[in-house]
Amino acid sequence: MSGDLADNAAHGEYELVRQLLEQLGVPVYVLPGNHDHRDKLRRHFDLPGAIGTPVQYAADLGPLRLVALDSTRPGEDRGELDADRLSWLDAELAGAPDRPTLLALHHPPVSTGIAAWDEIGLPVADRRALGDVLERHRQVRRVVAGHVHRTMTAELAGRAVLAVPSTYVQTRLSFNSDEIETAAEPPGFAVHALVAGELASHVQPVT
Ligand SMILES: [Fe+2]
């Protein structure tokens with residue numbers, strides 16, 4: 001799950017999410033969004049890392065490798081990718097250069113074109129620095145994110161960036177509004193399939 005599992009980072013909210021996900025009977029991998037709290041997330045989802053540090057890790061999903069990167073800036077809605085996190089990513093990707101990899105983070109590392117979202121997105125310099133890391137690691141096939149509560153795609157370092165709908169409420173496409181507005185659109189999620197070495201990503205609405 002690409003972040004913002006809870007609205008208020010309350011223990012009860014995380015417990016409910018954990019119980020609901022458990023019913024799926026599949027391994028669950030989560031990462032923090034701006035509404036989450038790193039250590040509460042750690043407590044409920046058995047995540048690695050010392051208290052207060054970014055929640056990031058790699059997991060092998062059969063032939064596909066998932067790398068989760070923490071793009072949050074605690075206490076703020078906008079994101080950040082500092083040098084420590086990017087050097088961790090660089091080393092992590094260097095450790096498995098031949099494994100097709102899906103990189104997941106909460107804030108889409110691209111400009112959305114929607115001012116209200118870009119204001120609380122990742123700074124341009126941080127996006128470019130992530131792009132520089134990706135240039136060195138061709139095995140990263142796709143970058144997936146959340147945060148914007150709608151489907152959008154753009155490109156970073158030649159890789160498709162896909163932001164997926166929220167499993168909660170969606171937001172309206174508006175290039176002129178200064179505010180984020182909700183939209184009466186269905187929730188959804190993405191399904192990624194690695195077939196014969198090619199990664200296909202589908203967005204599935206829930207109606
Ligand atoms: Fe968010």
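Here are some notes on this predicted model, going through two loop residues, the main nonpolar core and one helix.

1. Let's start with Pro54. You'll find Pro54 in the loop that runs between helix H2 (38-45) and strand E1 (57-61). Despite the loop address, Pro54 is buried, because 22 other C-beta atoms sit within 10 Å and the cut-off for buried is 20 or more.

2. What does Pro54 touch once its neighbours within four places in sequence are left aside? The contacts are Gly49, Asp70 and Arg85. Pro32 is worth a look as well: Pro32 and Pro54 are 22 residues apart in sequence, and their C-alpha atoms are 8.6 Å apart in space.

3. Now the core. The largest nonpolar core holds 32 residues, and those touching the most other members are Leu31, Val67, Leu69, Leu103, Ala104 and Leu105. At least two core residues come from each of these elements: strand E2 (64-68), helix H3 (83-94), strand E3 (101-104), helix H5 (124-135), strand E4 (140-145) and strand E6 (159-163). As background, nonpolar side chains in soluble globular proteins tend to be buried together.

4. Leu69 makes a handy way into that core. Setting aside residues within four places in sequence, Leu69 is in contact with Leu103, Ala104 and Leu105, and also with Gln56, Arg85 and Leu89. Arg85 turns up on the Pro54 contact list too.

5. His107 is another loop residue, placed between E3 and helix H4 (115-119). Is His107 buried or exposed? His107 counts as buried, because there are 30 C-beta neighbours inside 10 Å.

6. If you ignore residues up to four places away in sequence, His107 touches Ser71, Gly79, Gly121, Leu122, Ala145 and His147. As for Val67, one of the core residues with the most contacts to other members, its C-alpha atom is 15 Å from that of His107, with the two positions 40 residues apart along the chain.

7. On to H5, where the length checks out. Its twelve residues should span 16 Å at 1.5 Å a residue, and the end C-alpha atoms are indeed 16 Å apart, so the two agree.

8. H5 also has two faces. Asp126, Arg127, Leu130, Val133 and Leu134 are buried. These buried residues cover an arc of only 115° around the axis, which means they lie on the same side of H5. Val124, Ala125 and Asp132, on the other side, are exposed.

9. What covers the buried residues of H5? The cover includes H3, E4, strand E5 (152-156) and E6. Of these, H3, E4 and E6 are also among the elements that each supply at least two residues of the largest nonpolar core.

Note on methods:
Residues are numbered from 1 along each chain as its sequence is written. This is a predicted model: local features need pLDDT of at least 70, side-chain atom pairs count only at pLDDT 80 or more; totals for chains, interfaces and linings use all residues. Helices (H or I, at least four residues) and strands (E, at least two) are DSSP runs, numbered from the N terminus. A residue is buried if 20 or more other C-beta atoms lie within 10 Å of its own, exposed if 12 or fewer, and partly exposed in between; C-beta atoms are placed from the backbone. Two residues are in contact if their C-beta atoms, placed from the backbone, lie within 7 Å. A nonpolar core is a set of buried Ala, Val, Leu, Ile, Met, Phe, Trp, Tyr and Cys residues joined through C-beta atoms within 7 Å. The expected span of a helix is 1.5 Å times one less than its number of residues. The arc is that of the directions from the helix axis to the C-beta atoms.
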